[in-house]
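Hi everyone, thanks for making time this morning. I'd like to walk you through one structure, so please have a look at the screen.

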Amino acid sequence: MSADDRNGDSADRNTSFDTAECLPYLFSQTSDRSGLAVQTIHISRAGGPEVLQGIICPQPQPGPGELLLRVSYAGVNRHDCNQRASARHPNITLPANIPGLEVAGEVMACGPGVENFRPGDSVCALIDGGGYAEMCLADAALTLPWPTDELRTGAALPEGLFTAWYNLIELARLRPGERLLIHGGTSGVGLIATQLAVMGGAEVWSTCGNEEKRALSASFGAARTFNYRAPDFLPALQEAVGNGMDVILDLSGLCYFNSNPKLAADGGRIIYLSSSSGEPVPLNGAALMTRQVWITASRLRQLPREHKARLAAALTGAHWLDLSAIRLHIDSEYPLAEAARAHERMESGGHAGKILLAVSEPVQFHQ
Ligand SMILES: NC(=O)c1ccc[n+]([C@@H]2O[C@H](COP(=O)([O-])OP(=O)(O)OC[C@H]3O[C@@H](n4cnc5c(N)ncnc54)[C@H](OP(=O)(O)O)[C@@H]3O)[C@@H](O)[C@H]2O)c1
(Lines give C-alpha, C1' and ligand atoms only; values in the text may rest on other atoms or scores of the structure.)
Protein backbone atom coordinates (compact mmCIF):
# COMPACT_ATOMS: atom_id res chain seq x y z
CA MET A 1 0.00 0.00 0.00
CA SER A 2 1.48 3.35 -0.93
CA ALA A 3 1.48 6.34 1.38
CA ASP A 4 -0.82 8.10 -1.07
CA ASP A 5 -3.32 5.29 -0.87
CA ARG A 6 -3.26 5.31 2.91
CA ASN A 7 -3.74 9.04 2.87
CA GLY A 8 -6.92 8.74 0.87
CA ASP A 9 -5.33 10.35 -2.18
CA SER A 10 -6.55 7.42 -4.20
CA ALA A 11 -10.07 8.72 -3.61
CA ASP A 12 -12.18 9.03 -6.70
CA ARG A 13 -9.84 7.05 -8.92
CA ASN A 14 -11.95 4.90 -11.14
CA THR A 15 -9.61 1.97 -11.41
CA SER A 16 -11.01 -1.47 -12.15
CA PHE A 17 -10.50 -4.05 -9.45
CA ASP A 18 -8.86 -7.33 -10.11
CA THR A 19 -11.33 -9.45 -8.20
CA ALA A 20 -9.73 -12.69 -9.32
CA GLU A 21 -9.17 -13.64 -5.70
CA CYS A 22 -12.83 -13.10 -4.82
CA LEU A 23 -15.86 -15.22 -5.62
CA PRO A 24 -19.45 -14.22 -6.30
CA TYR A 25 -21.33 -15.35 -3.25
CA LEU A 26 -24.32 -17.66 -3.15
CA PHE A 27 -25.51 -18.72 0.26
CA SER A 28 -25.97 -22.29 -0.90
CA GLN A 29 -22.25 -22.46 -1.71
CA THR A 30 -20.96 -21.46 1.70
CA SER A 31 -20.10 -24.92 2.98
CA ASP A 32 -16.79 -24.78 1.10
CA ARG A 33 -15.25 -21.36 1.00
CA SER A 34 -12.05 -22.79 -0.47
CA GLY A 35 -9.88 -20.64 1.78
CA LEU A 36 -11.77 -17.48 0.85
CA ALA A 37 -12.99 -16.45 4.21
CA VAL A 38 -14.69 -13.09 4.36
CA GLN A 39 -18.21 -12.39 3.17
CA THR A 40 -18.48 -8.83 1.90
CA ILE A 41 -20.73 -6.59 -0.14
CA HIS A 42 -19.07 -4.99 -3.13
CA ILE A 43 -20.07 -2.49 -5.79
CA SER A 44 -20.24 -4.65 -8.90
CA ARG A 45 -20.62 -1.66 -11.26
CA ALA A 46 -21.95 1.89 -11.25
CA GLY A 47 -25.68 1.99 -10.67
CA GLY A 48 -28.57 1.81 -8.24
CA PRO A 49 -28.71 -0.15 -4.99
CA GLU A 50 -29.07 -3.42 -6.93
CA VAL A 51 -25.39 -3.29 -7.94
CA LEU A 52 -24.44 -4.04 -4.32
CA GLN A 53 -23.66 -7.75 -4.45
CA GLY A 54 -22.24 -10.42 -2.20
CA ILE A 55 -18.69 -11.52 -2.79
CA ILE A 56 -16.24 -13.59 -0.78
CA CYS A 57 -12.76 -12.16 -0.37
CA PRO A 58 -9.55 -13.39 1.23
CA GLN A 59 -9.19 -12.64 4.92
CA PRO A 60 -7.14 -9.43 5.21
CA GLN A 61 -3.88 -9.54 7.12
CA PRO A 62 -3.07 -6.62 9.43
CA GLY A 63 0.10 -4.74 8.53
CA PRO A 64 2.15 -2.51 10.84
CA GLY A 65 -0.11 -0.40 13.04
CA GLU A 66 -3.25 -2.16 11.81
CA LEU A 67 -5.98 -4.20 13.47
CA LEU A 68 -8.01 -7.03 11.99
CA LEU A 69 -11.59 -6.48 13.17
CA ARG A 70 -14.54 -8.84 13.23
CA VAL A 71 -17.29 -6.42 12.23
CA SER A 72 -20.52 -6.43 14.24
CA TYR A 73 -22.07 -3.32 12.70
CA ALA A 74 -21.13 -1.01 9.85
CA GLY A 75 -22.42 2.55 9.45
CA VAL A 76 -23.99 3.60 6.13
CA ASN A 77 -23.06 7.06 4.88
CA ARG A 78 -24.19 9.26 2.00
CA HIS A 79 -20.69 8.83 0.63
CA ASP A 80 -21.34 5.09 0.18
CA CYS A 81 -24.33 5.85 -2.05
CA ASN A 82 -22.27 8.28 -4.12
CA GLN A 83 -19.47 5.73 -4.34
CA ARG A 84 -21.94 3.09 -5.54
CA ALA A 85 -23.61 5.35 -8.09
CA SER A 86 -20.30 6.22 -9.73
CA ALA A 87 -18.39 3.00 -8.94
CA ARG A 88 -15.53 5.22 -7.83
CA HIS A 89 -13.83 3.88 -4.77
CA PRO A 90 -11.86 5.26 -1.87
CA ASN A 91 -9.28 2.57 -1.41
CA ILE A 92 -7.76 0.63 -4.27
CA THR A 93 -5.81 -1.58 -1.88
CA LEU A 94 -8.99 -3.49 -1.03
CA PRO A 95 -9.54 -6.73 -2.97
CA ALA A 96 -12.85 -5.38 -4.33
CA ASN A 97 -14.83 -2.13 -4.31
CA ILE A 98 -16.22 -2.63 -0.81
CA PRO A 99 -17.88 0.45 0.73
CA GLY A 100 -18.01 1.28 4.43
CA LEU A 101 -16.22 4.06 6.31
CA GLU A 102 -17.04 3.15 9.93
CA VAL A 103 -17.47 -0.05 11.89
CA ALA A 104 -17.76 -1.42 15.40
CA GLY A 105 -16.63 -4.88 16.43
CA GLU A 106 -13.97 -7.01 18.05
CA VAL A 107 -10.21 -6.99 17.53
CA MET A 108 -9.20 -10.38 16.11
CA ALA A 109 -5.49 -9.72 15.53
CA CYS A 110 -3.00 -6.89 15.84
CA GLY A 111 -0.32 -6.04 13.31
CA PRO A 112 3.30 -5.28 14.27
CA GLY A 113 3.74 -2.21 16.46
CA VAL A 114 0.21 -2.06 17.85
CA GLU A 115 0.46 -1.44 21.57
CA ASN A 116 -2.84 0.05 22.67
CA PHE A 117 -5.17 -2.78 21.58
CA ARG A 118 -5.18 -6.55 21.86
CA PRO A 119 -7.34 -9.40 20.52
CA GLY A 120 -10.77 -9.47 22.15
CA ASP A 121 -10.99 -5.70 22.63
CA SER A 122 -14.27 -4.10 21.69
CA VAL A 123 -13.79 -1.04 19.47
CA CYS A 124 -15.22 1.30 16.87
CA ALA A 125 -13.09 2.63 14.01
CA LEU A 126 -12.90 5.14 11.20
CA ILE A 127 -11.73 3.19 8.15
CA ASP A 128 -10.88 3.92 4.54
CA GLY A 129 -13.51 1.67 2.90
CA GLY A 130 -14.11 -2.04 3.37
CA GLY A 131 -16.63 -1.89 6.23
CA TYR A 132 -19.43 -3.79 4.48
CA ALA A 133 -17.80 -7.06 5.45
CA GLU A 134 -17.50 -9.69 8.15
CA MET A 135 -13.91 -8.59 8.73
CA CYS A 136 -11.92 -5.51 7.86
CA LEU A 137 -8.66 -3.77 8.62
CA ALA A 138 -8.53 -0.65 10.78
CA ASP A 139 -5.72 1.75 11.57
CA ALA A 140 -5.09 1.44 15.31
CA ALA A 141 -4.60 5.22 15.51
CA LEU A 142 -8.14 5.76 14.17
CA THR A 143 -9.72 3.17 16.45
CA LEU A 144 -11.47 3.99 19.71
CA PRO A 145 -12.22 1.65 22.61
CA TRP A 146 -15.97 1.09 22.77
CA PRO A 147 -18.11 -0.95 25.21
CA THR A 148 -19.04 -4.43 23.98
CA ASP A 149 -22.72 -3.92 24.75
CA GLU A 150 -22.81 -0.68 22.72
CA LEU A 151 -21.39 -1.92 19.42
CA ARG A 152 -24.61 -1.06 17.60
CA THR A 153 -24.19 2.60 18.40
CA GLY A 154 -20.41 2.46 18.08
CA ALA A 155 -20.74 1.97 14.32
CA ALA A 156 -22.75 5.20 14.17
CA LEU A 157 -20.04 7.32 15.79
CA PRO A 158 -16.66 7.56 14.00
CA GLU A 159 -17.49 9.31 10.70
CA GLY A 160 -19.75 11.88 12.39
CA LEU A 161 -17.45 12.45 15.35
CA PHE A 162 -14.23 12.91 13.37
CA THR A 163 -16.06 15.11 10.84
CA ALA A 164 -17.72 17.27 13.49
CA TRP A 165 -14.52 17.66 15.49
CA TYR A 166 -12.35 18.53 12.51
CA ASN A 167 -14.73 21.10 11.12
CA LEU A 168 -16.18 22.70 14.24
CA ILE A 169 -13.22 22.60 16.61
CA GLU A 170 -10.13 22.57 14.39
CA LEU A 171 -11.26 24.57 11.35
CA ALA A 172 -14.02 26.88 12.64
CA ARG A 173 -12.59 27.16 16.17
CA LEU A 174 -16.08 27.22 17.64
CA ARG A 175 -15.93 28.81 21.08
CA PRO A 176 -18.18 28.64 24.17
CA GLY A 177 -21.03 31.14 23.92
CA GLU A 178 -20.98 31.23 20.12
CA ARG A 179 -23.99 30.38 17.97
CA LEU A 180 -23.80 27.55 15.44
CA LEU A 181 -26.32 26.96 12.64
CA ILE A 182 -26.40 23.42 11.20
CA HIS A 183 -28.14 22.86 7.87
CA GLY A 184 -29.11 19.17 8.04
CA GLY A 185 -29.58 19.02 11.81
CA THR A 186 -30.80 15.41 11.94
CA SER A 187 -28.28 13.89 9.52
CA GLY A 188 -25.86 11.43 11.06
CA VAL A 189 -23.21 14.12 11.20
CA GLY A 190 -25.69 16.81 12.27
CA LEU A 191 -26.87 15.08 15.45
CA ILE A 192 -23.30 14.42 16.59
CA ALA A 193 -22.18 17.95 15.69
CA THR A 194 -25.10 19.32 17.71
CA GLN A 195 -24.01 17.45 20.84
CA LEU A 196 -20.33 18.25 20.38
CA ALA A 197 -21.11 21.95 20.08
CA VAL A 198 -23.47 21.97 23.09
CA MET A 199 -20.92 20.09 25.23
CA GLY A 200 -18.38 22.74 24.24
CA GLY A 201 -20.70 25.52 25.40
CA ALA A 202 -22.08 26.76 22.06
CA GLU A 203 -25.73 27.36 21.19
CA VAL A 204 -27.01 25.30 18.24
CA TRP A 205 -29.72 26.16 15.74
CA SER A 206 -30.69 23.72 13.01
CA THR A 207 -32.65 23.37 9.80
CA CYS A 208 -34.65 20.20 9.15
CA GLY A 209 -37.03 18.85 6.50
CA ASN A 210 -40.14 18.25 8.62
CA GLU A 211 -41.68 18.78 12.05
CA GLU A 212 -40.64 15.35 13.38
CA LYS A 213 -37.04 16.06 12.49
CA ARG A 214 -37.26 19.48 14.17
CA ALA A 215 -38.42 17.76 17.37
CA LEU A 216 -35.61 15.21 17.09
CA SER A 217 -33.00 17.92 16.59
CA ALA A 218 -34.34 19.82 19.62
CA SER A 219 -34.19 16.64 21.73
CA PHE A 220 -30.48 16.37 20.89
CA GLY A 221 -29.80 19.91 22.10
CA ALA A 222 -30.73 22.38 19.34
CA ALA A 223 -32.05 25.57 20.93
CA ARG A 224 -33.98 26.65 17.83
CA THR A 225 -35.05 24.63 14.79
CA PHE A 226 -36.50 25.63 11.41
CA ASN A 227 -38.39 23.65 8.79
CA TYR A 228 -36.63 24.35 5.50
CA ARG A 229 -39.76 23.32 3.59
CA ALA A 230 -41.87 26.06 5.21
CA PRO A 231 -42.85 28.74 2.64
CA ASP A 232 -41.24 31.65 4.51
CA PHE A 233 -38.26 29.65 5.72
CA LEU A 234 -35.34 31.82 4.61
CA PRO A 235 -36.82 35.25 5.45
CA ALA A 236 -37.94 33.92 8.85
CA LEU A 237 -34.51 32.44 9.55
CA GLN A 238 -32.77 35.61 8.44
CA GLU A 239 -34.92 37.72 10.74
CA ALA A 240 -34.40 35.33 13.66
CA VAL A 241 -30.60 35.28 13.43
CA GLY A 242 -30.38 39.03 14.09
CA ASN A 243 -26.67 39.87 14.13
CA GLY A 244 -25.93 36.53 12.57
CA MET A 245 -24.59 33.10 13.43
CA ASP A 246 -20.91 32.76 14.36
CA VAL A 247 -20.49 29.44 12.58
CA ILE A 248 -22.61 27.75 9.89
CA LEU A 249 -22.08 24.04 9.22
CA ASP A 250 -23.79 23.24 5.93
CA LEU A 251 -24.45 19.52 5.38
CA SER A 252 -27.22 20.12 2.85
CA GLY A 253 -25.22 20.80 -0.31
CA LEU A 254 -24.61 24.19 -1.86
CA CYS A 255 -28.20 25.43 -2.08
CA TYR A 256 -27.57 28.13 0.58
CA PHE A 257 -24.25 29.27 -0.85
CA ASN A 258 -25.44 32.82 -1.37
CA SER A 259 -27.87 32.87 1.57
CA ASN A 260 -25.41 31.72 4.21
CA PRO A 261 -23.30 34.91 4.21
CA LYS A 262 -26.47 36.87 5.02
CA LEU A 263 -27.12 34.52 7.96
CA ALA A 264 -23.56 34.84 9.28
CA ALA A 265 -22.25 37.28 11.86
CA ASP A 266 -19.45 39.67 10.90
CA GLY A 267 -16.36 37.49 10.72
CA GLY A 268 -18.51 34.36 10.74
CA ARG A 269 -17.18 31.02 9.57
CA ILE A 270 -19.10 28.93 7.02
CA ILE A 271 -18.19 25.31 6.33
CA TYR A 272 -19.41 23.20 3.42
CA LEU A 273 -19.26 19.43 3.67
CA SER A 274 -21.48 18.42 0.78
CA SER A 275 -21.64 19.42 -2.85
CA SER A 276 -24.81 17.29 -3.37
CA SER A 277 -25.68 17.90 -7.01
CA GLY A 278 -22.08 18.72 -7.88
CA GLU A 279 -23.29 21.68 -9.94
CA PRO A 280 -21.18 24.87 -9.79
CA VAL A 281 -22.80 27.70 -7.82
CA PRO A 282 -22.63 31.42 -8.66
CA LEU A 283 -20.57 33.40 -6.16
CA ASN A 284 -21.92 36.64 -4.72
CA GLY A 285 -18.62 38.18 -3.69
CA ALA A 286 -20.22 41.35 -2.33
CA ALA A 287 -22.24 39.37 0.24
CA LEU A 288 -19.07 37.63 1.39
CA MET A 289 -17.09 40.83 1.70
CA THR A 290 -19.85 42.77 3.45
CA ARG A 291 -19.88 40.29 6.32
CA GLN A 292 -16.13 39.51 6.14
CA VAL A 293 -17.03 35.84 6.31
CA TRP A 294 -14.59 33.02 6.15
CA ILE A 295 -15.58 30.06 3.98
CA THR A 296 -14.09 26.61 3.86
CA ALA A 297 -14.95 23.14 2.68
CA SER A 298 -13.43 19.83 3.58
CA ARG A 299 -13.58 16.11 2.96
CA LEU A 300 -12.55 14.02 5.94
CA ARG A 301 -11.60 10.98 3.89
CA GLN A 302 -8.95 12.88 2.00
CA LEU A 303 -7.12 14.16 5.06
CA PRO A 304 -3.70 12.57 5.45
CA ARG A 305 -3.73 9.60 7.80
CA GLU A 306 -1.43 11.42 10.25
CA HIS A 307 -3.89 14.31 10.43
CA LYS A 308 -6.78 11.95 11.19
CA ALA A 309 -4.65 10.34 13.89
CA ARG A 310 -4.10 13.77 15.44
CA LEU A 311 -7.88 14.34 15.39
CA ALA A 312 -8.39 11.02 17.19
CA ALA A 313 -5.83 11.96 19.84
CA ALA A 314 -7.34 15.44 20.27
CA LEU A 315 -10.94 14.31 20.62
CA THR A 316 -10.13 11.45 23.00
CA GLY A 317 -7.95 13.79 25.06
CA ALA A 318 -10.43 16.68 25.29
CA HIS A 319 -11.31 17.09 28.97
CA TRP A 320 -14.69 18.65 28.17
CA LEU A 321 -15.83 15.95 25.74
CA ASP A 322 -17.45 12.86 27.25
CA LEU A 323 -17.65 10.34 24.39
CA SER A 324 -19.84 8.01 26.44
CA ALA A 325 -22.40 10.80 26.81
CA ILE A 326 -22.86 11.21 23.04
CA ARG A 327 -26.25 9.80 22.02
CA LEU A 328 -26.45 8.02 18.68
CA HIS A 329 -29.80 7.97 16.98
CA ILE A 330 -30.28 4.81 14.92
CA ASP A 331 -32.80 5.30 12.15
CA SER A 332 -32.83 1.71 10.92
CA GLU A 333 -30.80 -1.48 10.72
CA TYR A 334 -30.45 -4.02 7.90
CA PRO A 335 -28.58 -7.32 7.65
CA LEU A 336 -25.35 -7.00 5.66
CA ALA A 337 -26.88 -9.00 2.82
CA GLU A 338 -29.60 -6.34 2.51
CA ALA A 339 -27.22 -3.42 2.05
CA ALA A 340 -29.19 -2.45 -1.06
CA ARG A 341 -32.25 -1.79 1.12
CA ALA A 342 -30.12 0.36 3.41
CA HIS A 343 -29.04 2.45 0.42
CA GLU A 344 -32.65 2.74 -0.74
CA ARG A 345 -33.56 4.03 2.72
CA MET A 346 -30.79 6.64 2.66
CA GLU A 347 -31.64 7.79 -0.84
CA SER A 348 -35.32 8.12 0.09
CA GLY A 349 -34.29 11.01 2.36
CA GLY A 350 -36.84 9.85 4.95
CA HIS A 351 -34.23 8.79 7.48
CA ALA A 352 -32.94 10.70 10.49
CA GLY A 353 -29.68 9.79 12.22
CA LYS A 354 -27.81 6.66 11.23
CA ILE A 355 -28.59 3.66 9.08
CA LEU A 356 -26.66 0.54 10.09
CA LEU A 357 -25.74 -2.82 8.62
CA ALA A 358 -25.78 -5.68 11.15
CA VAL A 359 -23.00 -8.13 10.44
CA SER A 360 -23.03 -10.13 13.64
CA GLU A 361 -25.74 -12.54 12.50
CA PRO A 362 -24.86 -15.27 9.96
CA VAL A 363 -25.01 -13.69 6.53
CA GLN A 364 -27.64 -14.97 4.10
CA PHE A 365 -27.24 -13.49 0.65
CA HIS A 366 -29.96 -13.90 -1.94
CA GLN A 367 -28.89 -13.32 -5.52
N1 LIG B 1 -17.01 16.34 3.65
C2 LIG B 1 -16.95 15.45 4.63
O3 LIG B 1 -15.91 15.19 5.21
C4 LIG B 1 -18.22 14.74 5.02
C5 LIG B 1 -18.21 13.76 6.03
C6 LIG B 1 -19.41 13.17 6.39
C7 LIG B 1 -20.58 13.57 5.76
N8 LIG B 1 -20.54 14.51 4.78
C9 LIG B 1 -21.77 14.98 4.11
O10 LIG B 1 -22.60 15.53 5.10
C11 LIG B 1 -23.97 15.24 4.79
C12 LIG B 1 -24.58 14.49 5.95
O13 LIG B 1 -24.09 13.19 5.95
P14 LIG B 1 -25.01 11.95 6.26
O15 LIG B 1 -24.28 10.73 5.92
O16 LIG B 1 -25.49 12.11 7.63
O17 LIG B 1 -26.15 12.12 5.12
P18 LIG B 1 -27.69 12.41 5.18
O19 LIG B 1 -28.24 11.76 6.40
O20 LIG B 1 -28.25 12.05 3.89
O21 LIG B 1 -27.76 13.99 5.34
C22 LIG B 1 -28.17 14.90 4.36
C23 LIG B 1 -28.77 16.08 5.13
O24 LIG B 1 -29.01 17.17 4.25
C25 LIG B 1 -30.22 17.79 4.66
N26 LIG B 1 -30.80 18.60 3.62
C27 LIG B 1 -31.09 18.25 2.34
N28 LIG B 1 -31.62 19.30 1.68
C29 LIG B 1 -31.67 20.34 2.56
C30 LIG B 1 -32.09 21.69 2.47
N31 LIG B 1 -32.57 22.22 1.35
N32 LIG B 1 -31.96 22.47 3.57
C33 LIG B 1 -31.46 21.98 4.73
N34 LIG B 1 -31.04 20.69 4.87
C35 LIG B 1 -31.15 19.89 3.79
C36 LIG B 1 -31.10 16.62 5.03
O37 LIG B 1 -32.13 17.11 5.87
P38 LIG B 1 -33.56 16.35 6.05
O39 LIG B 1 -33.25 14.91 6.33
O40 LIG B 1 -34.15 17.06 7.20
O41 LIG B 1 -34.31 16.55 4.77
C42 LIG B 1 -30.11 15.72 5.77
O43 LIG B 1 -30.06 16.04 7.13
C44 LIG B 1 -23.96 14.43 3.49
O45 LIG B 1 -24.17 15.31 2.41
C46 LIG B 1 -22.55 13.87 3.43
O47 LIG B 1 -22.11 13.65 2.11
C48 LIG B 1 -19.39 15.09 4.40
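I'll go through the main sheet, the helices on it, the ligand shell, and then a few details elsewhere. Please keep in mind that this is a predicted model.

Let's begin with the sheet. It is an open one of six strands, paired in parallel, and the order reads 11-10-9-12-13-14. Who stands at the edges? Strand 11 and strand 14, residues 294-297, each with a single partner strand, so one side of each has no neighbour in the sheet. On average, neighbouring strands here are turned by 15° against each other, direction ignored.

Now let's zoom in on one end of that order. Strand 9 pairs with strand 10 in the parallel sense, over five bridges. If you want a residue to look for, take Arg-179, whose bridge partner in strand 10 is Glu-203. Moving along, strand 10, residues 203-208, runs parallel to strand 11, residues 224-227, and four bridges join the two. Here the pair to find is Trp-205 with Arg-224 in strand 11.

What connects these two strands? Helix 6, residues 211-219, forms a right-handed β-α-β unit together with strand 10 and strand 11. Helix 6 lies across both strands, and runs at about 165° to strand 11. Helix 7, residues 233-241, also packs on the sheet, where it touches strand 11 and strand 12, residues 245-250. The direction of helix 7 makes about 160° with that of strand 11.

On to the ligand. How many residues surround it? There are 27, and the closest are Gly-184, Ser-187, Gly-209, Ser-252 and Ser-274. Helix 2, helix 4, helix 5 and strand 10 are the elements that give two or more residues to this shell. The largest share comes from helix 5, with three residues. By character, the shell divides into 15 polar, eight nonpolar and four charged residues.

Since helix 2 just came up, let's visit it. Helix 2 covers residues 78-86, and its buried residues are Arg-78, Asp-80, Gln-83 and Arg-84. What covers them? The cover includes strand 2, strand 3, strand 4 and helix 11.

Two of those covering strands, strand 2 and strand 3, are themselves a pair: they run antiparallel and are joined by six bridges. One example is His-42, which has Gln-53 as its bridge partner in strand 3. Strand 3 has five of its six residues buried, so the rest of the structure largely encloses it.

Finally, two backbone spots that you may like to check on your own screens. Right after helix 2 comes Ala-87, with a positive phi near 60°. Ala-87 is not a glycine, yet it has that positive value. It is found in the loop between helix 2 and strand 5, residues 102-110. The second spot is Arg-173, again not a glycine, with a positive phi of about 50°. Arg-173 is in the loop that runs between helix 4, residues 158-171, and strand 9, residues 179-183.

Are these two residues buried or exposed? Ala-87 counts as partly exposed because it has 16 C-beta neighbours inside 10 Å. Arg-173 has 11 such neighbours inside 10 Å, and therefore counts as exposed.

That's my tour. Thanks for listening, and I'm happy to go back to any part of the picture.

Note on methods
Residues numbered from 1 in each chain as written. Predicted model: local features only at pLDDT ≥ 70, side-chain atom pairs only at ≥ 80, totals over all residues. Pairing = 2+ DSSP bridges. Right-handed = clockwise from strand over helix to strand, strands pointing away. Buried ≥ 20, exposed ≤ 12 C-beta atoms within 10 Å, placed from the backbone. Contact = placed C-beta atoms within 7 Å. Axes fitted to C-alpha atoms, helices over the stretch in contact; angles between N-to-C directions. Near = placed C-beta within 6 Å. Nonpolar A, V, L, I, M, F, W, Y, C, P; charged D, E, K, R; others polar.
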